[in-house]
Amino acid sequence: MNWEAILPIAVVTITGILALICEMIRPKHQNDLIVGVSLAGLVVAAGALVMQFTSPGFETFAETYVLDKFGTAIQLVIVLSAALCILFSETYLRNKAIAFGEFYPLVLWSAVGAMLMSATNNLLVLFLGLEILSVSLYVMAGLSRQEQRSEESAMKYFLLGAFASGFLLFGIAFVYGGTGSLNLGEIGLTWVRHQTELQVLVLFGLALMLVGLGFKASLVPFHQWTPDVYQGAPTNVAAFMATVSKIGALAALVRVLEAVAPLSHVWMPPVMVLAAITMLVGNLVALSQRDVRRILAYSSIAHAGYVLVAILAHVKDPGRIGTGAVTYYLFSYAFTTIGAFAVVSLAAKDGSEPTSIDDMLGLYKRSPIAAVALVVCMLSLIGIPPSGGFVGKLMIFNDAVSAGLTPLALVLAVSSAISIFYYLSIAIAACSDDASVEGRFAKAGPAMVGTFVICIAGILAAGVLAGPALDFLRLVNR
């Protein structure tokens, strides 16, 4: 057992415990100490992850935990995303009148679940990580207890999430029955032995597992919960779901699909269709939405489809195409999505939170930095240079063409063009001249402004410094 391998996860877990202790002794509705402890712990975890990039890849804890550069990079994105969500949350929670200190340890422990999912090749540990991630999210989705919409979102997420977890666990049981092992590597070995009865068990189990992971990643048709939950949950929780939860699920999907590469001729065609309809449905349905949080929900669905294209390209041609596009895109997507949700959270004031496109009118008059951040985020989500979103989409497009997945590359290009209309409508509303804007938005405090600045810097740095970033990603390719 190599304890250094799990040091980042241990640091985040212990930080959650310390944050909970601080919550017990803090003054009522004064969470500055909890926020400070949480951010400090995440900074230490990020430092530990950076140091792990120099470590050779290996498996530990009875081959259930994998320390490799891909997992380390994904965990770093998860830690940074959790830190950004915490950074702007206190301002939002106070404006929303729900400044409950237990929010922060829940965020930390949920991040631990996502980190586990991204660094395991054991099916039982994968399920454990999913449940650690999900249970905290069920509570956070209903944090705004005085709102019926928040309680409804928590109930929907809990019921559908428990149902999806059942699919995943049932699929794991079938895979275990067919392989006699919980190790992902045994799936491909069982398939090449050509034992028909075991192959049937493995295929059925894999299908059920993809349903469970597809729910967490918001892939169509397992996405129905996403718009309602994102709209009903507190905005900072929606930001966390759209980034940390999705990143953990997509990283787990990389591990699973890599393991079942020997039977890719069976599952590749339906998963390609899944990726195509996810991109198209996410963008087409977003066109008809007027609530910004619902638009961002459908946007996150479409972006899950983009990442799935990158995963399929890697699995189809792993010798030439690594996981660099997946890692880079998730990094850029995290900064972009959190920045957008942070801006939307300014609509929370005196307990209410109107978030339609019309409610974004004149944002630049009240908070110019917020309007700039929103415009930069929207341009990155579209894929306009020199943003990180542009470089990420270009990488995925090139990988798809190189792997012979040209139809998916074309769908990606078309769906990205469709997204221009609804992303620009949000940006235009924020920059419009509205005389009634005074008092509509809450004041952006130092932490909120810091979030905007970090997100803008991350998005632009990912685009402008694409060359050094790509050189680094060649090191973390699997």
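Here's a short walk through a few backbone oddities in this structure. Keep in mind that the model is a predicted one.

Let's start with what's usual. Most peptide bonds are trans, and most residues other than glycine have a negative phi. The spots below break one habit or the other.

Begin in the loop that runs between strand 1 (58-60) and strand 2 (65-67), where you'll find Glu63. Glu63 isn't a glycine, yet its phi is positive, at about 60 degrees. Is Glu63 buried or exposed? It falls in between: Glu63 is partly exposed, with a relative accessible area of 47%, and that label fits because the value sits between the 20% and 50% cut-offs.

Now move along to the loop between helix 8 (196-217) and helix 9 (225-232), which holds Pro221. Ser218 has its place in the loop between helix 8 and helix 9 too. Ser218 is another residue other than glycine with a positive phi, near 65 degrees. What is the relative accessible area of Ser218? The value is 0%, so Ser218 counts as buried, the cut-off for that being under 20%. As for Pro221, look at the bond leading into it: the peptide bond from Val220 to Pro221 is cis, with omega near 10 degrees.

Last stop: the loop between helix 15 (368-382) and helix 16 (388-402), where Pro386 lies. What kind of peptide bond joins Pro385 and Pro386? That one is cis, and its omega is about 5 degrees.

Note on methods: Residues numbered from 1 in each chain as written. Predicted model: local features only at pLDDT ≥ 70, side-chain atom pairs only at ≥ 80, totals over all residues. Heavy atoms only, no water. Helix = DSSP H or I, 4+ residues; strand = E, 2+ residues; numbered from the N terminus. Buried < 20%, exposed > 50% of the residue type's maximum accessible area, 1.4 Å probe, protein only.
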